[in-house]
Amino acid sequence: MSKDTNADADVIVVGAGFAGMYAIYRFRKAGLNVKVLEAGSDVGGTWYWNRYPGARCDVPSIEYSFGFSPELEQDWHWPEVFSAQPDILAYANHITERFDLRRDIQFNTRVSAVEYQDEQNLWRLTTETGEILSAKYCVMATGCLSVPNRPHIDGEETFKGRTLHTGLWPKEQVDLTGLRVGVIGTGSSGVQAIPELAKQAGHLTVFQRTPVYTVPANRKAMRSEIEATFKENYADIREMQQKNIGGVSNFSPSRINSSETTSSDKRNEKASEPRSVPTIMTLGKKAIQSLIDERGLGVLLGFRDLLTDPGANEIANELYRENVLRQVKDKDTAEHLLTEEFGFGCKRQVLDRDYYETYNRDNVSLVDVRNSAIQCITETGIETSTGHTELDVLVYATGFDAMTGALTRANITGRQGKPLTDKWVSGPVTYLGLQMQGFPNLFTVTGPGSPSVLCNMLVAIEQHVNWIADCITHLRDKHIDTIEPLASSESDWIQHVNEVSEGTMYTAPNCNSWYLGANIEGKTRIFMPYVGGYPRYKTKCDEEAEAGYPGFQCTSS
Ligand code: N01
């Protein structure tokens, strides 16, 4: 119960992923009474739902962790350099127990409506079971990739086998031994799942619409001396994260460039003044192929000009295609796996473990749905324009209604009952991805217009939740009833978000990614995250707070 009103809490948070979890800790510290509503039966958000075989993180474990507690940093042990889903979920559970978070979370509670009550200045949340809860502040911690996309395919309801989605994988073990399994989709989820599913299935058929750019992931175990060094330097690592464009301390492109060059390159660099950073264009194709031979395809990602120079991007593409042709033994399969429609950097980079090698297995086949279109799902499998594939299990690895999906589905209405979906009819409109005009005292964590999915998520989450907690504290201290952005702040910010994305590979005309909403039929094509970099973004948020929120309209009774 809220101390100030008759509401059920000071703040209701929707979602108990990492954002909702940290919100409990941080809001409690600010003296706020908090209640979290979570659809799942436990904490972890994306790591709770995405349990498919092979699921793991593409940010180093040491960095994909919270920085708010030095004791937690020291105590927690990550078994691998890049963590698998069970280890991240174990971390989420550890935090929940360590900070006694569960007592403020109501599980198995899906929110069906979030409505602003103008007269009472309260947010009223209705759950699917009809329960009604209210609070002065509402925080949507609903995640950027939390609404699975399952494209409609004719006949899908007739399939007599088992249907699964990578983003809603069952908790209990799924035994695929000896079964005929089909996978639709070759994004990050499909690429991670395919090698693991192939090991279990009798036969695996991959239905691919767009070939993926994927490079081998780091698969090292965490060595104790490396872990000790990280832990000794955690304070510096956190500081470096704050200064890095993607919120990752070792992500600086210049460091990557220098670490990916050979030792002779390094000697040459030392000898020559001024020091030149090797690029794809300066090194040339042959030299880069030797680097690939030495260290794998991932070296391509270390070159700065990959994302800025179309010529460099095309050389990287050529090298990429040549190396895929070398790895996949069956020439026809290899040809169909070749990327061609867009360059590196349009879609989220995928990291894999044995993706291409998997196509060399006898029990794996590829159906290229560009030449062999899916026509319908039958009782026993998938019918394409070139034949029928018999299946016992069909796995959708077809991604998410990203960034806006969870918010537009929550039936949010603001002042005078105005739906958020009306405000966002031409794409999401927010100020700093934190608030929307017309929706007072409603906050979004890692909302569209913030770095979110282009940043280390845990860094982005901590920054947003801290900002929101400080903002609510300010409102309380100053006896302010409502806060929402000025219309001009919103429109200036959206213009800036669009400007900084122009001319990048992300928004190239031939690029169709979920960042742009292009994976969802009918969704407005607009680049949703903020690509101007985490430090620049954080400075802007800090400036707003330090100046007393001039970009926002506040009211007091
Ligand atoms: O989803 P996606 P995802 N018929 O949208 C295909 C994060 N993540 O779940 O490209 C046939 O990328 C679609 O084809 P196309 C990460 O940020 C991270 O894999 O649209 N195919 C594509 O191949 C990631 O980017 C990790 O032509 C259809 C696939 O389905 C984000 O989540 C792991 C189709 C969807 O790929 C989303 O990844 C997993 C249709 N009708 C996820 N509809 C890590 O941390 C869609 N497809 C490593």
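Select Thr482 in this predicted model and display its surroundings: leaving aside neighbours within four places in sequence, Thr482 is in contact with Tyr116, Asn121, Arg415, Pro440, Asn441, Gln553, Cys554 and Thr555. Thr482 belongs to strand β19, which covers residues 482–485. Because its relative accessibility is 4%, and buried means under 20%, Thr482 counts as buried. Now show the side chains of Thr482 and Thr555, which make a polar contact with each other at 2.3 Å.

From there, move to Ser489, which lies in helix α18, residues 487–501. Ser489 has a relative accessible area of 10% and is therefore buried. Once residues up to four places away in sequence are set aside, Ser489 touches Tyr431 and Gly551. Turn the view towards Gly551, since its backbone oxygen is reached by the side chain of Ser489 at 2.6 Å.

Next, select Tyr549, found in the loop between α19 and β20, the latter covering residues 552–555. Colour or label its backbone torsion: phi of Tyr549 is positive, at about 60 degrees, although Tyr549 is not a glycine. With a relative accessibility of 3%, Tyr549 counts as buried.

A second residue with a torsion to inspect is Ser452, whose phi is near 35 degrees, a positive value in a residue other than glycine. Ser452 sits in the loop between β18 (442–444) and α17. Is Ser452 buried or exposed? At 0% relative accessibility, Ser452 counts as buried.

Continue to the second largest pocket, which has a volume of about 320 Å³. Its lining is made up of 19 residues, and those to select for a view of the centre are Gln242, Glu462, Gln463, Asn466 and Lys538, the closest to it. To see how the chain frames this pocket, show α7 (234–243), α17 (457–477) and α19 (534–546), the elements that give two or more residues to the lining. Which of the elements gives the most to the lining? That element is α17, with 7 residues. If the lining is then coloured by residue class, it divides into 7 nonpolar, 6 polar and 6 charged residues.

Now centre the view on the ligand, which 22 residues surround, the closest being Ser189, Arg209, Thr210, Lys347 and Trp514. Three distances to oxygen atoms of the ligand can be drawn in turn. For Ser188, choose the backbone, where a polar atom is 2.9 Å from an oxygen atom of the ligand. For Arg209, choose the side chain instead, where an N or O atom is 2.9 Å from an oxygen atom of the ligand. For Ala397, return to the backbone, where an N or O atom lies 3.3 Å from an oxygen atom of the ligand.

Leave the ligand and select Glu115, in strand β4, which spans residues 111–117. Because the relative accessibility of Glu115 is 22%, Glu115 counts as partly exposed. Not counting residues up to four places away in sequence, Glu115 touches Leu122, Trp123, Arg124, Thr126 and Thr413. Add Gly414 to the selection and draw the line between the two C-alpha atoms: Glu115 and Gly414 are 299 residues apart along the chain, while the C-alpha separation is 6.3 Å.

The next stop is Ile377, placed in strand β13, residues 374–377. At 3% relative accessibility, Ile377 counts as buried. Beyond its neighbours within four places in sequence, Ile377 is in contact with Ile153, Asp154, Gly155, Glu156, Thr158, Phe159, Ile382, Leu394 and Tyr396. Then select Gly405 as well and draw the C-alpha to C-alpha line, which spans 26 Å for a pair that is 28 residues apart in sequence.

Finish at Val277, in the loop between α9 (263–271) and α10 (280–283). What is the exposure class of Val277? With a relative accessible area of 25%, Val277 is partly exposed. For a last distance, add Phe303: Val277 and Phe303 are 26 residues apart in sequence and, from C-alpha to C-alpha, 8.9 Å apart in space.

Notes: Residues are numbered from 1 along each chain as its sequence is written. This is a predicted model: local features need pLDDT of at least 70, side-chain atom pairs count only at pLDDT 80 or more; totals for chains, interfaces and linings use all residues. Side-chain values use heavy atoms; hydrogens and water are left out. Helices (H or I, at least four residues) and strands (E, at least two) are DSSP runs, numbered from the N terminus. Buried means under 20% relative accessible area, exposed over 50%, partly exposed in between (1.4 Å probe, protein chains only). A polar contact is a pair of N or O atoms within 3.5 Å; within protein, one must be able to donate a hydrogen and the other to accept it, and residues adjacent in sequence count only if both atoms are side-chain atoms. Contact means heavy atoms within 4.5 Å. On a 1 Å grid over the protein atoms alone, a cavity is a set of points where a 1.4 Å probe fits but cannot get out, and a pocket is an open set with protein on both sides within 12 Å along at least five of seven lines; lining residues have an atom within 4 Å of a point. Grid points are joined across faces, edges and corners, and a volume is the space filled by probe spheres set on the points. Ala, Val, Leu, Ile, Met, Phe, Trp, Tyr, Cys and Pro count as nonpolar, Asp, Glu, Lys and Arg as charged, and the others, Gly among them, as polar. A residue is near a molecule or strand if one of its heavy atoms lies within 4 Å of it.
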